[in-house]
Amino acid sequence: MTSPDGSRTKDLTLGKDDLLHLYRQMVAIRKFEERAAEQYAHGKIGGFLHLYIGEEAIAVGAIDAMEDRDHVVTHYRDHGYAIALGTDPRRLMAELFGRSTGVAGGRGGSMHFADPEHNFWGGYAIVAGHLPIATGLALASQYLEQNYVVLCFFGDGATNNGAFHESLNFASLWKLPVLFICENNQYGMGTAVEYASAVREMAKKAIAYDIPAERIDGQDVLEVREAVKKALDHCRAGNGPFFLEALTYRFRGHSMADPEAYRTKEEVEEWRREDPILRFRGKLLAEGVATEDELNAIDSEVDAQMEEAVRFADESPVPDPSTLTDYVYTEPVAVR
Amino acid sequence: MAREITYRDALREALREEMDRDERVFLMGEDIGAYEGSYVVTRGFLQEYGRKRVRDTPISELAIVGLANGAAMGGLRPVVELMTINFSLLAMDQIVNHAAKIHYMFNGQFTVPIVIRTASGWGQLGATHSQTFEAWYAHVPGLRVVMPATPKDAKGFLKSAIRSDDPVMFIEHSLIYRNRGEVPEGEYLLPLEGAEVRREGTDVTIVSWSRGYYLAMGAAEELAREGIEAEVIDMRVLRPLDTDTVVRSVQKTNRLVIVEESWRTLGMGAEIAAAVQEQAFDYLDAPIARVGSVEVPMPYAKNLERLVIPGKDEVVAAVREVLYRDLAAAR
Ligand SMILES: Cc1ncc(C[n+]2csc(CCOP(=O)(O)OP(=O)(O)O)c2C)c(N)n1
Ligand SMILES: [Mg+2]
């Protein structure tokens, strides 16, 4: 693997504004996650917290390729997609703090929130449980002729679950407009792919269901963007599902409670050299798209934005106890 | 003779002793090897026993239990770990339609000696990760369901579960792994049935199990300070359910409070209350009280979560209620 000078990054075919937008989005996710980790350490965030650090290029590249009508469904490592989709980081941080101003009113937390206004149809915390849901959402699109495509993100570990296989079969059988994006970060919790999957290339699993599939560099935001654009065209044209396997790595532990005994520091270091933000930054600088100063200015703006998100969350009220039984049913039903 | 160890260490000892005793015993589950278990019960086991006997699996709950069923029929003694009881739902078919049925429907020609270790618990884990399903499994004939509260029970039950020829749901609790308690030196087994009176009292009986038992004891100590002597029963095993011990206690105290962490509707408490009214109706001086969770999916926010899960205060309040001490008691 090479150093992050951007030399292996795809050619820049977008204008400067678009490129800087991608950069800003990735930095926003990184900095949001860093603040979340810090607030977890301060006890402001509880439960399980899964960070997306190292994998930012996938959410950002894929979501940039989406149309406004398309939807995202994903798992519990879910802050990054929401930020890329335009969810207010203040309301996202407030959710992690369990505050009433959170995107799910503090009810869901890090692993379970949704923001349909920004096309985010939910993070789901049962591994592979959301694949049938994404596939069903695609069924609604087909049935109602709404022509949206569902982008369904999940990990390498999820591909070993029955729900994955049943969903792929359905999607292919009924030619449903769903784009499966497998983020192969090499591990499901502490279990390396080689100990969990007979097939090391996740894309091959899609081929078994006659779904066209491709393996891409998940650390290259432009490669992700291009591949997702093509895949979405395929789905939107009524050809059924498409499958992308993005190779990536999580730089932090599985969750905040992970001592990481299952992997070596050297391996992590090697992958850190494939930092998607540094690689893209290197490319932008090397090609003269932006100066150090311009990029640093973006970093500082995002810093301030995330500082504000933490402040907002911290100052927000906790949910009103009288709302405890709201939403158990769609209309009032006595709850004991 | 006895030493104090943690609940987690008690489980480790049981697994080690049984693995050392019987080559056919092996462990299978997600992240039990390289990751050392989500609640680190199997720390060091992979190094000690190797990959043949400590098997990291894919995230395939249905197949994990299904394979265990088949392996058990083939002569092995699988001990499966399902990270949390929430994920056991993905394996429900293999547990309920297969493990619990095979011995009976084939007229006793096969046995399915599996142990499924899994954990209940909560702690800002949200709606999908905070559930308590022991009653679902206790509903099913053919399964044994144990939910030990103390390190001593954890060890003795786990060893017996591994040796049992029946499928056993062995339900731990993420919030009591660090609890310490006395455990005998040397080998011992505990029969997989029977509730236990852990504190004698005359005024009221408080029944619970697993973490709820600690709530009950806490409440009993507090009540003692105001002169109320509670008898505390740890149910320990939920199928077969020892209601006789509860009935005997109620015949003495005439009042019963049942503490469960799950939703009360169709829960263990409902079953225990039904048995008591069948067998001790005339002994009751007050309606049986059940303390349980508010019937909502678990919210993430800490303040809301606290409202859902019963605490010691709710138990104390329920006891006062059945004693008519405090007519304005909550819940
Ligand atoms: C059905 C189920 N089993 C187990 C878990 C516990 N668990 C949470 S995340 C995870 C690993 C998932 O790995 P992968 O799909 O590769 O996603 P990653 O976390 O690497 O992004 C496991 C086993 C769960 N949430 N749901
Ligand atoms: Mg993974």
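This note covers the magnesium site and the ligand 1 site in a predicted model.

1. **Magnesium donors.** Three residues of chain A coordinate the magnesium ion (ligand 2): Asp156(A) through OD, Asn185(A) through OD1 and Tyr187(A) through O. The distances run from 2.1 to 2.2 Å. Along the sequence, the donor spacing reads D-x28-N-x1-Y. Water is not among the atoms, so the site may look incomplete.

2. **Burial of two donors.** Asn185(A) has 6% relative accessibility, so Asn185(A) counts as buried. Tyr187(A) is at 8% and therefore counts as buried too. The cut-off for buried is under 20%.

3. **Where ligand 1 sits.** Ligand 1 lies between chains A and B. Its surroundings comprise 22 residues. The closest are Tyr76(A), Arg77(A), Gly157(A) and Tyr187(A), plus Glu61(B) from the other chain. By class, this shell holds 11 nonpolar, 7 polar and 4 charged residues.

4. **Polar contacts of ligand 1.** Oxygen atoms of ligand 1 take part in these pairs. One is 2.9 Å from a polar backbone atom of Tyr187(A). A polar backbone atom of Ala158(A) is 3.1 Å from a ligand oxygen. For Asp156(A), the partner is an N or O atom in the side chain, at 3.1 Å. The protein buries 98% of the 580 Å² that ligand 1 exposes when taken alone.

5. **Residues at both sites.** Asp156(A) is a magnesium donor, and its side chain also has an N or O atom 3.1 Å from an oxygen of ligand 1. Tyr187(A) coordinates the ion through O, and a polar backbone atom of Tyr187(A) is 2.9 Å from a ligand 1 oxygen.

Technical notes. Residues numbered from 1 in each chain as written. Chains lettered and ligands numbered in written order. Predicted model: local features only at pLDDT ≥ 70, side-chain atom pairs only at ≥ 80, totals over all residues. Heavy atoms only, no water. Donors = N, O, S within 2.8 Å, 3.2 Å for Na, K, Ca; no water. Buried < 20%, exposed > 50% of the residue type's maximum accessible area, 1.4 Å probe, protein only. Near = heavy atom within 4 Å. Polar contact = N/O pair within 3.5 Å; in protein donor to acceptor, adjacent residues only side chain to side chain. Areas by Shrake-Rupley, 256 points an atom, 1.4 Å probe, with all protein chains shown as cover. Nonpolar A, V, L, I, M, F, W, Y, C, P; charged D, E, K, R; others polar.
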